[in-house]
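Q: Could you walk me through this structure and show me how each label is earned?
A: Gladly; let's look at it together.

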2 protein chains.
Amino acid sequence: MDLVFEIDFQSDEALYTQLCNQIIIGIAKEMVHEGDALPSVRQLADEVGINMHTVNKAYTVLKQEGYVKVDRRKGAIIAVDIDKLRALARTKEDLRILLARASCMNVSREEIHRLIDEIYEEYGGC
Amino acid sequence: MDLVFEIDFQSDEALYTQLCNQIIIGIAKEMVHEGDALPSVRQLADEVGINMHTVNKAYTVLKQEGYVKVDRRKGAIIAVDIDKLRALARTKEDLRILLARASCMNVSREEIHRLIDEIYEEYGGC
DNA sequence: CTCTCTGTTATATCTATAGTATAACAGAGA
DNA sequence: TCTCTGTTATACTATAGATATAACAGAGAG
């Protein structure tokens, strides 16, 4: 199964952010694996109809966050190497505001747990 | 217990977003309640050292999202009125990318559930 | 060696957003 | 009248997002 990229030009999310998210979700869903090559910046730009530099920015961000390594010859390669402690801190910070919103509209803790399970099921399962 | 506002000028988060988040978290933590008045735009702007219009933007966003009502006489009043279905959809979408990141760094489902409980404990508890 | 593919770098331009600054207006209350 | 509210308008600066063109260096294939 291969990655399919879909850009929503109406979204308020930046195009490069949409690409980053789709790739990260692709890794989580195991649609791509360690060592797999992503399309070249020019190729992907052409495929989804955006500028080369926008794709390049996405890859650069993914590199900085530790999801890919970029090889001058082969392009961007999936290679997850993330500082777990820092990432956990970020996760908790993101959850804090997300759950505050949920709590304000009386979404129960159980409902959240159920959502978590639903989504984790889509991913590796573990 | 009253809301205390703290702005991080070094953060890459927009100032008005920081204000929004602190207020939403304040509601979740029950530091402010339905009917409570927020500081006036000028007062809060002065308090944290930013422009009046930036505070006004925060209040406008909170109004659009259904966290406050704005009264010309009294200012912004906490009044949560959110379409639960739409909010649930947003919650799930936000969780999807957050959990993908977590999954990529091998944070187990159990660890996430534990984080949820930790944070929900800070909030109403239910 | 040449051709073609990679990422990389450097400009330049355009647009939208974020933030600040000043100012004025209308409504409510003391 | 004075003072407080939010609201509106205008203007300016800075930054981020996105595009466009162009060129460069390294690697591989022919």
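**The contact and the DNA**

Q: What does the rule find across the interface of chain A and chain B?
A: In this predicted model, the rule finds twelve salt bridges across the interface of chain A and chain B.

Q: What makes the meeting of Arg96(B) and Glu122(A) a salt bridge?
A: The side chains of Arg96(B) and Glu122(A) meet at 2.8 Å, N to O. The cut-off is 4 Å between a side-chain nitrogen of Lys or Arg and a carboxyl oxygen of Asp or Glu, so the pair qualifies.

Q: Which helices of chain A supply at least two residues each of the side that touches chain B?
A: Helix H1 (15–28), helix H4 (84–104) and helix H5 (109–122) of chain A do. The largest share, 17 residues, comes from H4(A). By class, this side of chain A has 25 nonpolar, seven polar and 13 charged residues.

Q: Why is the approach of Arg42(A) to DNA strand C called a polar contact?
A: A polar side-chain atom of Arg42(A) lies 2.9 Å from a base nitrogen of the strand. The limit for a pair of N or O atoms is 3.5 Å, so this counts. Arg42(B) also passes, because its polar side-chain atom lies 3.3 Å from a base nitrogen of DNA strand C.

Q: How do you know that Val41(A) makes a polar contact with DNA strand C?
A: A polar backbone atom of Val41(A) is 3.4 Å from a phosphate oxygen of DNA strand C. That is within 3.5 Å, so the label holds.

Methods. Residues numbered from 1 in each chain as written. Chains lettered and ligands numbered in written order. Predicted model: local features only at pLDDT ≥ 70, side-chain atom pairs only at ≥ 80, totals over all residues. Heavy atoms only, no water. Helix = DSSP H or I, 4+ residues; strand = E, 2+ residues; numbered from the N terminus. Nonpolar A, V, L, I, M, F, W, Y, C, P; charged D, E, K, R; others polar. Polar contact = N/O pair within 3.5 Å; in protein donor to acceptor, adjacent residues only side chain to side chain.
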